[in-house]
Amino acid sequence: MQAFSEEAFTELNEYLQLPMEQQAVSNITGAHPLAALLVRVIPVLGHLSYSLHQYKKTMTAFAEFLQENAEIRTPAGYAAAFGQFFRENATLEESNPSWMALTNATVQYVPAIRPGNAEAQLVKRMHFVSFVGMFRAELFEGLCVGHAPRKCAVCGKWFLTTDARYAKYCDGLAPGDKRGRTCRQVGNLRGREQRELAADHPIKKIYTKRFNTITQYLGRGTLDEQTAAAMKALAKSKLEKALQDSGYAQGGYAAEMEQAALMAEAKETMER
């Protein structure tokens, strides 16, 4: 491949040194085939590079707009965001990305036999004027059915989700995770830990309510200090178990934290 590239560019250099009349003759006779190929390909590649850069710049800004406005991540919100970001007065100015909404595509409906099927179906066939126009159309087609871009809260990469309001993590491997877990697994674990740290977590609310009740009974003199201390120690251990064992948290935790049950268990423990 390297030898071909050197040969092609050497031929191109020779071709460009020729007067225009001889270049025209060369084009007809095919004397410099590699040079002729490069003359056609280089402008196309240059334009493609520019188009991809503009696509990434504009669509990243649009995705960031969706990311920063979580409340609009609904079908109606997508439509409103699209209309706000891609205005109707499309121009070719750098500050106006509206031309990106013009995908330059034509649509045809034709009968075709899909692989694995025996009978023909009516299918939609799209023809794109540009390569990047296909990318834009694919993104907008997805947006119409709720496939919105979102940045993963774990790895920071963009991904498409079918339910952008709730999906916060991608399915790729979490960077730096020694257990080889996905970003979704790591993110869900982090979310659960944050919920468990919250003061209004249901498991903690049960513990806080029981702790306060024990303190009130102690203050009224209806509970001695030794029994109160034993009940508080039991309640603390049950809280820690519930935070580690979801089965216990959803099962016997609440019943065992009832005042009467906790008092009976504390007295039984003290008698041993």
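**Close-up A. Lysine 241 meets a tyrosine ring.** In this predicted model, the charged end of lysine 241 sits over the ring of tyrosine 248. The distance to the centre of that ring is 4.4 Å.

**Close-up B. Lysine 232 and phenylalanine 211.** Here's another charge over a ring: the charged end of lysine 232 sits over phenylalanine 211. It lies 4.4 Å from the ring's centre.

**Close-up C. Helix H4 and its buried face.** Helix H4 covers residues 75-85, and its buried residues are Gly77, Tyr78, Ala81 and Phe85. Look down the axis of H4 and these buried residues fall within an arc of 100 degrees, so they line one face of the helix. Now check the other side of H4: Pro75, Ala76 and Ala79 are exposed there.

**Close-up D. A tilted pair, phenylalanine 82 and phenylalanine 86.** The model has 12 aromatic pairs. In the one made by phenylalanine 82 and phenylalanine 86, the ring centres are 4.8 Å apart. The planes of these two rings meet at 40 degrees, so the pair counts as tilted. As for the surface, phenylalanine 82 is partly exposed, because its relative accessible area is 24%. Phenylalanine 86, with a relative accessible area of 5%, is buried.

**Close-up E. A cluster of phenylalanines.** Pull back a little from that pair, and you'll find Phe82 and Phe86 again, as members of a cluster held together by ring pairs. The other members to look for are Phe62, Phe65, Phe85 and Phe140. Phe85 should ring a bell, as one of the buried residues of helix H4.

Methods:
Residues are numbered from 1 along each chain as its sequence is written. This is a predicted model: local features need pLDDT of at least 70, side-chain atom pairs count only at pLDDT 80 or more; totals for chains, interfaces and linings use all residues. Side-chain values use heavy atoms; hydrogens and water are left out. Buried means under 20% relative accessible area, exposed over 50%, partly exposed in between (1.4 Å probe, protein chains only). Helices (H or I, at least four residues) and strands (E, at least two) are DSSP runs, numbered from the N terminus. The arc is that of the directions from the helix axis to the C-beta atoms. Rings of Phe, Tyr and Trp (its six-membered ring) pair if their centres lie within 6.5 Å; planes under 30 degrees apart count as stacked, over 60 as edge-to-face and the rest as tilted. A charge sits over a ring if NZ of Lys or CZ of Arg is within 6 Å of the ring centre and within 35 degrees of the ring normal.
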